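Here's a quick tour of a protein model, written for someone who'd rather be at the bench. Have a look at the sequence and structure first, then work through the notes.

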Amino acid sequence: MPSAPVTLHLRAESKPLEHRSALTPTTAKQLIDAGFNVIVERSTQRVFDDAEFEAMGAPLVDEFSWPSAPKDHLIIGLKELPEESFPLVHEHIQFAHCYKNQAGWKDVLSRYHNGNGTLYDIEFLTDDKGRRVAAFGFHAGFAGAAIGLLNWAWQLEHEQPLTEVEWYPNEAALVEDVKKAVDGAVSRTSAKLPSVLVIGALGRCGSGAVDLLRKVGLPEENIIKWDMAETAKGGPFEDIVQSDIFINCIYLSKQIPPFVTMETLNTQERNLSVIVDVSADTTNPFNPVPVYTVATTFKEPTVPVELENGPKLSVISIDHLPSLLPREASEAFSAALLPSILELGDRENARVWTEAKDLYNKHVARL
């Protein structure tokens, strides 16, 4: 228990279609039991009802009221803050996407600097082995594989692109829908079940993809699991071209040879009809799937790859895939983040928080 009560202010997310939450009623209750004060903004889009937090003892405040909260309150959320110009006076815990020279990074960090605030970027909270303490990777892979199968089944019977995909209340409902779509399309068209090649299969994201494929009943021999050993020789890889669905789950940290190219895909012998780029490195010049340039969305889940030869090929590149399963994704993420949150009372000495603050100061110095 912290020596002096820490107050966490859970802000409502403002990004459209973002239903996830950094804290859940479960973790809010655990924090309250540990001596923290937890204040929750009402939200019109969070997957958890306001009443669920209230039942756990967390008082509710108005949506988007965090700018007027007392300065000693820590503001916690997930996605980026709305683009405004007023200085940020609080300590913020969130994904900020401003440490890798992303567009507008100076504007984002300047707001903290000008307000004497602090950013603790969740993406860079790591354990003593350098591994992120909390990430949405598993559910990103799970959701990506699900939409990939939905798209594969859809393309068997439709010329037009896959229509809007909506979020699911739970995993069971998603698995049931995917299984129904695949089995139905296979039955009506006499197609064989797809072979699916997953690169990064041993990581969090790849494990999620493989888990979904198994839960919808895909035979084990149809699930081709690749990781560093299989990709060590460098691409492009003919095995990808001959699979029906390719799911890219690697976290790109350096330039590598591409897994596929327009040239390797432009053949009548190609089986591949769906690419799921879970990593969504759309604008990265080193993207190992350099066959598309448009990020997709739940509203428009696919973008075509323009080829002269072979079957229709489309790419899914949605950068917030875990939002397809916001409840389970939030529960898993928040539970993983909780041990670090519990150290906030001693954040001047707790390694995970001191390193995060040092990283913030390092990037502020670049302004």
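**Briefing: a pocket, a cysteine pair and some backbone oddities**

The second largest pocket has a lining of 14 residues, and those nearest its centre are Leu150, Trp154, Leu162, Thr163 and Ala181. Two elements, α4 (137–157) and α5 (171–189), each give two or more residues to that lining. Keep in mind that this is a predicted model.

**More on the second largest pocket**

- The space in the second largest pocket comes to about 230 Å³.
- α4 supplies the largest share of the lining, with 4 residues.
- By residue type, the lining splits into 8 nonpolar, 4 charged and 2 polar residues.

**Cysteines**

- How many disulfides are there? The count is 0.
- Why don't Cys205 and Cys249 make the cut? The sulfur of Cys205 has its closest cysteine sulfur in Cys249, 3.2 Å away, and that is too far for a bond, because a disulfide needs the two sulfur atoms within 2.5 Å.
- Both partners in this near pairing are tucked away: Cys205 is buried at 11% relative accessible area, and Cys249 is buried at 10%.

**Glu13, a buried acid**

- Glu13 sits in the loop between β1 (7–10) and α1 (25–33).
- Is Glu13 buried or exposed? With a relative accessible area of just 5%, Glu13 is buried, since the cut-off for buried is under 20%.
- What does the Glu13 side chain reach? One of its polar atoms lies 2.6 Å from the backbone nitrogen of Leu78, and the side chain also reaches the backbone nitrogen of Lys79 at 3.0 Å.
- Setting aside neighbours within four places in sequence, Glu13 is in contact with Leu78 and Lys79, and also with Glu18, Arg20, Gln45, Phe64 and Gly77.

**Backbone oddities**

- Some background for this group: most peptide bonds are trans, and most residues other than glycine have a negative phi.
- Going from Gly235 to Pro236, the peptide bond is cis, with omega near 0°.
- Pro236 belongs to the loop between α7 (228–231) and α8 (238–242).
- Leu17 isn't a glycine, yet its phi is positive, at about 70°.
- You'll find Leu17 in the loop between β1 and α1, where Leu17 is partly exposed at 44% relative accessible area.
- His97 isn't a glycine either, and its phi is positive too, at about 55°.
- Where is His97? Look in the loop between β5 (91–94) and α3 (105–115).
- His97 is partly exposed, with a relative accessible area of 28%.

**Arg347, a buried base**

- Arg347 lies in the loop between α10 (326–341) and α11 (351–364).
- At 18% relative accessibility, Arg347 counts as buried, because the limit is under 20%.
- Which residues does Arg347 touch, apart from neighbours within four places in sequence? Its contacts are Val6, Leu74, Glu91, Tyr120, Trp353 and Thr354.
- Arg347 and Lys357 are 10 residues apart in sequence, and their C-alpha atoms are 9.5 Å apart in space.

Terms used:
Residues are numbered from 1 along each chain as its sequence is written. This is a predicted model: local features need pLDDT of at least 70, side-chain atom pairs count only at pLDDT 80 or more; totals for chains, interfaces and linings use all residues. Side-chain values use heavy atoms; hydrogens and water are left out. On a 1 Å grid over the protein atoms alone, a cavity is a set of points where a 1.4 Å probe fits but cannot get out, and a pocket is an open set with protein on both sides within 12 Å along at least five of seven lines; lining residues have an atom within 4 Å of a point. Grid points are joined across faces, edges and corners, and a volume is the space filled by probe spheres set on the points. Ala, Val, Leu, Ile, Met, Phe, Trp, Tyr, Cys and Pro count as nonpolar, Asp, Glu, Lys and Arg as charged, and the others, Gly among them, as polar. Buried means under 20% relative accessible area, exposed over 50%, partly exposed in between (1.4 Å probe, protein chains only). A polar contact is a pair of N or O atoms within 3.5 Å; within protein, one must be able to donate a hydrogen and the other to accept it, and residues adjacent in sequence count only if both atoms are side-chain atoms. Contact means heavy atoms within 4.5 Å.
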